[in-house]
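Dear colleague,

I am passing on a structure for you to look at, together with some notes on what was found in it. Please keep the view open while you read, and go through the notes slowly.

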Amino acid sequence: MADRGEGLAPHVAATAVTLGQLPLARVAADAYLRHHPGHEFVVLVIDSPRAPVDDIATSVVGYDWLDVDRTEYLRLATCGSAELFAAAVLPMLVRQLLASSASVLALAPQVLTLRPFGEVAELAQDNGIVLVPMVLRPLPDDGLNPGTSVGTELAGFDPGFVAV
């Protein structure tokens with residue numbers, strides 16, 4: 001097994017994807033690293049036991065890199081869609097990265113970084129967690145309901161951007 005986070009940068013961003021989503025994760029990682037020199041980006045490929053590729057700028061790892069019971073991991077993989085599985089595995093990756101990094105930013109692979117936001121890492125260190133709201137002001141009480149599609153995953157916070 002590969003080392004489990006020794007020597008990582010103090011601030012790490014991470015995402016979990018299927019092998020088919022690896023190009024999407026590479027775009028997300030490249031954009032993030034362009035705006036955050038000195039940080040690291042770790043991509044966990046949830047359906048491959050080992051890193052399927054060597055990538056100089058990004059740490060791409062397979063699920064054997066995680067410090068979890070393989071049988072339990074594979075059992076969890078059968079409980080839903082690949083998207084739900086990636087969401088379930090991401091906290092395992094974050095927990096492991098926190099053992100050797102000051103802060104970890106868990107990003108959805110669809111997040112494209114367009115400017116630096118280094119203050120997020122500092123806020124995560126100081127406060128323990130940084131969440132991004134789905135809406136910036138209360139929804140109007142106009143009888144029009146956006147339904148359950150707005151902000152139900154994390155009680156109004158975007159699950160695709162969590163820093164700890």
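Before we come to the helices, one term is needed: the bend at a residue is the angle between two axes, one fitted to the seven residues ending there and the other to the seven starting there. Please also bear in mind that this is a predicted model.

With that term in hand, look at helix H3, where a kink of about 25° lies at Val89, shortly before the proline Pro91. The helix has 17 residues, running from 82 to 98, and at 1.5 Å a residue these should span 24 Å, which agrees with the 24 Å between its end C-alpha atoms. Several residues of H3 are buried, among them Phe85, Ala86, Val89, Leu90 and Met92, and what covers the buried residues of this helix includes strands E1, E2 and E4 together with helix H2.

Helix H4, residues 119-127, can be read in a similar way. Its residues Val120, Ala121 and Ala124 are buried; seen down the helix axis, the buried residues fall within an arc of 100°, so they line one face of H4. On the other side of H4, Asp126 and Asn127 are exposed. The buried residues of this helix pack against strands E1, E4, E5 and E6, and just after H4 comes Gly128, which takes a positive phi of about 95°.

Now to the charged side chains. Side chains of opposite charge can pair when their charged atoms come close, and the structure holds four salt bridges.

In one of them, the side chains of Asp64 and Arg50 meet at 3.2 Å, N to O. Asp64 lies in the loop between E3 and H2, while Arg50 lies in the loop between E2 and E3, so the pair ties together parts that are 14 residues apart in sequence. Asp64 counts as buried at 17% relative accessibility, whereas Arg50 is exposed, with a relative accessible area of 55%.

Another salt bridge joins Arg75 to Glu72, with their closest N and O atoms 2.5 Å apart; both residues lie in helix H2, three residues apart, which is about one turn of the helix.

There is also a salt bridge between the side chains of Glu119 and Arg115, at 3.8 Å from N to O. Salt bridges that share partners join Arg50, Asp64 and Arg70 into one network.

With best wishes

Technical notes: Residues are numbered from 1 along each chain as its sequence is written. This is a predicted model: local features need pLDDT of at least 70, side-chain atom pairs count only at pLDDT 80 or more; totals for chains, interfaces and linings use all residues. Side-chain values use heavy atoms; hydrogens and water are left out. Helices (H or I, at least four residues) and strands (E, at least two) are DSSP runs, numbered from the N terminus. The expected span of a helix is 1.5 Å times one less than its number of residues. Buried means under 20% relative accessible area, exposed over 50%, partly exposed in between (1.4 Å probe, protein chains only). Contact means heavy atoms within 4.5 Å. The arc is that of the directions from the helix axis to the C-beta atoms.
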